[in-house]
Amino acid sequence: MKILKKIQTLTGIATLAMLAVGLWFVYGAPEDFQQGGAVRILYIHVPSAKMALLSYLFVTVASVLYLWKRSETADILAEAATSVGAAFTAITLASGSIWGKPMWGTWWAWDARLTSMLVLLILFKGLMVLRNSLDDPIKGARATAILAIIGAVDLPIIHYSVVWWRTLHQPPSMAASGNSGVHISGPLLPPLLILSGAFILMGLFMVTVKARQIEARRHLDALESARMHPDE
């Protein structure tokens, strides 16, 4: 997968550039009249949440391709995106708790959005544990692909949780200004859009780095297996 090295280089440079621009906009952005300075936490929380969902969607598509085409590349990308998605989901939950304490008066609430995001983190961790628990790599790839596809049902639940149920979590932060609830608009919106783009590029960069590591590890494992069992 030589193309991954090129993607890694391009996305690494683009990520640094967009992060620099985004942080410059954050520095110059005014405080929100309702949230005060706490609104700046959302510049990390919202892009992380989007990347968590995109990562799981990526894992699901790669899992379907693996089961359909038996493509090792798809399996490598699914494994890489799983650990990256877990990291972004953990950041989403942590930053949400930090934001929730001053805004809601509590670090955590068992409402639909928070709980469904916690389920997403459990799914990511479950995929990692399941793959590592099986000695046969092919069985591990097949089992994690099936679990990933089943777990995709959590994605629409997360997205529509604030619509289907009355939750403590506010409506989408980039909702139209006419919608009720706390949302980001006006001069606060550009840094959020730029950082959302930067996080997407950063996620792609992290997936390519992880995928190359996994590919190298599997290659070494194959060489070691051939050395230990030369007659097979």
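The dialogue below asks how several labels attached to this predicted model are justified.

Trainee: What makes the set around Tyr56, Val59 and Phe88 a nonpolar core?

Mentor: A nonpolar core requires buried residues of the nonpolar kinds, joined through side-chain atoms within 4.5 Å, and the largest set of this kind has 26 residues, with Tyr56, Val59, Phe88, Met117, Leu120 and Phe124 having the most contacts inside it. Helices H2, H3, H4, H6 and H7 each supply at least two residues of this core, and the largest share, seven residues, comes from H3. In soluble globular proteins, nonpolar side chains tend to be buried together.

Trainee: Which residues does Leu120 touch, leaving aside those up to four places away in sequence?

Mentor: With contact taken as heavy atoms within 4.5 Å, Leu120 touches Ala52, Leu53, Tyr56, Thr89, Asp154, Leu155 and Ile158. There is also a second, separate core of eleven residues, which includes Ala38, Leu42, Tyr43 and Leu195.

Trainee: How do you know whether the span of H1 is close to or far from the expected one?

Mentor: The expected span is 1.5 Å times one less than the number of residues, and for the 27 residues of H1, running from 2 to 28, this gives 39 Å, whereas the helix reaches 40 Å from its first C-alpha to its last, so the two are close.

Trainee: Which residues of H1 are called buried, and what do they pack against?

Mentor: The label buried needs a relative accessible area under 20%, and in H1 it applies to Leu4, Gln8, Thr11, Gly12, Thr15, Gly22 and Val26. These buried residues pack against H2 and H7.

Trainee: Why is Arg70 called partly exposed?

Mentor: Arg70 has a relative accessible area of 47%, and because partly exposed covers what lies between under 20% and over 50%, that label follows. Arg70 lies in the loop between H2 and H3, and its phi is near 55°, a positive value in a residue other than glycine. Most residues other than glycine have a negative phi.

Trainee: What is the lining of the second largest pocket made of, by class?

Mentor: The lining has six nonpolar, three polar and ten charged residues, where Asp, Glu, Lys and Arg count as charged. Of its 19 lining residues, Asp136, Pro137, Ile138, Arg217 and Arg218 lie nearest the centre of this pocket, which holds about 430 Å³ of space. The elements giving two or more residues to the lining are H3, H4, H5 and H7, with H7 giving the most, five residues.

Methods:
Residues are numbered from 1 along each chain as its sequence is written. This is a predicted model: local features need pLDDT of at least 70, side-chain atom pairs count only at pLDDT 80 or more; totals for chains, interfaces and linings use all residues. Side-chain values use heavy atoms; hydrogens and water are left out. Buried means under 20% relative accessible area, exposed over 50%, partly exposed in between (1.4 Å probe, protein chains only). Helices (H or I, at least four residues) and strands (E, at least two) are DSSP runs, numbered from the N terminus. On a 1 Å grid over the protein atoms alone, a cavity is a set of points where a 1.4 Å probe fits but cannot get out, and a pocket is an open set with protein on both sides within 12 Å along at least five of seven lines; lining residues have an atom within 4 Å of a point. Grid points are joined across faces, edges and corners, and a volume is the space filled by probe spheres set on the points.
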